[in-house]
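Colleague: I'm new to reading protein models, and I'd like to go through one feature at a time. Could you take me through this one?

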Amino acid sequence: MGNCWCRWEPSIYRVSSNAKSESPKNESPLVKHKIDESKLPSNPEEVEDLRRDAASNPLIAFTYSELRIITANFRQDRVLGGGGFGSVYKGFISEDLREGLEPLQVAVKVHDGDNSYQGHREWLAEVIFLGQLSHPNLVKLIGYCCEDEHRVLIYEYMARGSVEHNLFSRVLLPLPWSIRMKIAFGAAKGLAFLHEAEKPVIYRDFKTSNILLDQEYNAKLSDFGLAKDGPVGDKSHVSTRIMGTYGYAAPEYIMTGHLTPRSDVYSFGVVLLELLTGRKSLDKSRPAREQNLTDWALPLLKEKKKIFNIVDPRLDGDYPVKGMHKAAMLAYHCLNRNPKARPLMRDIVDSLEPLLVTDEGSTETTVTAISNEVPNADTKRKEDLQ
Ligand SMILES: Nc1ncnc2c1ncn2[C@@H]1O[C@H](COP(=O)(O)OP(=O)(O)O)[C@@H](O)[C@H]1O
Ligand SMILES: [Mg+2]
């Protein structure tokens, strides 16, 4: 991680992912002043200048007219998802687009032009983080566009879409146990990599809609708009504005703004719980005491007999009992209210590895049995938690 990230970062931490819904009058004058002062790059040369300090992955700077070609003029039937900052389109780079480019399927994330500072900052966070981190469990950033008011990111295309879509879809077949464990393992490796990077990174928005799946259900983290350089030593960041997603954010972060890698561990516990139960972290359609998944499931997790009451009924009893207990205990530890009592992501990776189902016939057969459907739009947004 290069120092470039800090160069333009205001000392008051002020990232919001739903700028559209925020009224400018809510911003304190101090924050406004800092924003006006901040110099954000406005063309590819300045972006590359910012990236130069870091050992960066090469990124392609696309022109906006090239993106029109790639996405068939941003056609509505190419929309893969959307959220706080715009829409994501499926695209195709053909070999005649530009000399030297290989044909490739891509996902094109267009940040809305009217989001000014907020949108631009999230866009730049992704360019900086994904432009220098490279790991099989992080989605690959191929390039970007920074032309006039356009801010666009071009990623490798993830054929099966988000975990949210695959886990909660009523159209697709239920994900089998082996795939759920494969997803948990892959996502845990992605987070462990971030936490152990030379300059650690806190992901800060770990949730099922930000974990994407390729054809073989390899999990990759995407959406680094809220990612943050990790604190050094025992220190933690204190955010004046708490950003993330309700139902996933760690309680101490919501209450005090203290952000550490253990906040990601808590969110990982929530996602693991979603994989075990097939329930969403927040579900307003359920009875009041079951709406918050963690509140409802936590007391039941360590009771061996009760655990069967919360396991996803769509698994139809098809899971290894011991493996289920181990995964439930792991979720329980991740969700400890005391951040220091939570395991490290590396320990979580080690605990999940033996739970992978490698028996002949299990993973492979089930993978091919599942529908190949292209995901619908994910409309979940990141929310300002204040
Ligand atoms: N590389 C990709 N391949 C396929 N689908 C993607 C890709 N990137 C994003 N999407 C889809 O778009 C949705 C929103 O993308 P995301 O990067 O999380 O943006 P947002 O900031 O709006 O949350 C994802 O949940 C997913 O469904
Ligand atoms: Mg997202």
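Colleague: Let me start with a single residue: is Ala-72 buried, partly exposed or exposed?

Modeller: Before I answer, keep in mind that this is a predicted model. To read burial, look at the relative accessible area: under 20% is buried, over 50% is exposed, and partly exposed is in between. Ala-72 has a relative accessible area of 25%, so it is partly exposed. You'll find Ala-72 in the loop between helix 4 and strand 2.

Colleague: And what is the value of phi for Ala-72?

Modeller: Here's the general idea: most residues other than glycine have a negative phi. Ala-72 has a positive value, with phi near 50°. Arg-204 isn't a glycine either, and its phi is positive too, at about 75°.

Colleague: Where does Arg-204 sit, and is Arg-204 buried or exposed?

Modeller: Look in the loop between strand 8 and strand 9 for Arg-204. Its relative accessibility is 6%, so Arg-204 counts as buried.

Colleague: Back to that loop between helix 4 and strand 2: what does Thr-71 touch?

Modeller: Thr-71 lies in that loop, which runs between helix 4 (64-70) and strand 2 (79-83). Leaving out residues up to four places away in sequence, Thr-71 touches Arg-78, Tyr-89, Lys-90 and Val-108. Its relative accessible area is 0%, so Thr-71 is buried.

Colleague: How about the whole protein? How many helices and strands are there, and what share of the residues counts as buried?

Modeller: The protein has 14 helices and 15 strands. It is 386 residues long, and 56% of them count as buried. You can also ask how far along the chain the contacting residues lie from each other. Taking contacts with a separation of 6 or more, 70% are between residues 24 or more positions apart.

Colleague: I'd like to see a pair like that in the structure. How far is Gln-118 from Phe-85?

Modeller: Their C-alpha atoms are separated by 9.0 Å, with the two residues 33 residues apart along the chain. That is a C-alpha distance, and I'm not calling the pair a contact. Gln-118 belongs to helix 5 (residues 116-130), and it is buried because its relative accessible area is 4%.

Colleague: Now the metal. Which residues are the protein donors of the magnesium ion?

Modeller: Asn-210, through OD1, and Asp-223, through OD, are the donors, lying 2.1 Å from the magnesium ion (ligand 2). This pair links distant parts of the chain, 13 residues apart: Asn-210 is in the loop between strand 8 (201-202) and strand 9 (211-213), and Asp-223 is in the loop between strand 10 (219-221) and strand 11 (228-229). With a relative accessible area of 4%, Asn-210 is buried. Asp-223 is buried as well, at 10%.

Colleague: Which residue does UniProt list for "binding site"?

Modeller: UniProt lists Lys-109 for it, in an unreviewed entry. In the model, Lys-109 is in strand 4 (residues 104-111). Its relative accessible area is 13%, so Lys-109 is buried. Its contacts beyond four places in sequence include Glu-126, Tyr-155 and Asp-223, and Asp-223 is one of the magnesium donors.

Colleague: How do I read empty space in a model?

Modeller: Rolling a probe the size of a water molecule over the atoms shows where empty space is left. Here the count comes to 3 cavities of 30 Å³ or more. The second largest cavity has a volume of about 80 Å³. It is lined by 14 residues, and the closest to its centre are Arg-204, Tyr-248, Ala-249, Ala-250 and Ser-267. So there is our positive-phi residue again: Arg-204.

Colleague: Which element gives the largest share of that lining?

Modeller: Helix 9 does, with 3 residues. By class, the lining of the second largest cavity has 7 nonpolar, 4 polar and 3 charged residues.

Colleague: And how much space lies in the second largest pocket?

Modeller: About 360 Å³. Of the 18 residues that line it, Phe-168, Arg-170, Gly-278, Arg-279 and Arg-286 lie nearest its centre. Helix 6 (163-168) and helix 11 (307-310) are the elements that give two or more residues to this lining. Sorted by class, the pocket lining has 6 nonpolar, 5 polar and 7 charged residues.

Note on methods:
Residues numbered from 1 in each chain as written. Chains lettered and ligands numbered in written order. Predicted model: local features only at pLDDT ≥ 70, side-chain atom pairs only at ≥ 80, totals over all residues. Heavy atoms only, no water. Donors = N, O, S within 2.8 Å, 3.2 Å for Na, K, Ca; no water. Helix = DSSP H or I, 4+ residues; strand = E, 2+ residues; numbered from the N terminus. Buried < 20%, exposed > 50% of the residue type's maximum accessible area, 1.4 Å probe, protein only. 1 Å grid on protein atoms, 1.4 Å probe; cavity = no way out; pocket = protein on both sides within 12 Å on 5 of 7 lines; lining within 4 Å. Points joined across faces, edges and corners; volume = space filled by probe spheres on them. Nonpolar A, V, L, I, M, F, W, Y, C, P; charged D, E, K, R; others polar. Contact = heavy atoms within 4.5 Å. UniProt positions renumbered as here; feature names shortened; annotations may be inferred.
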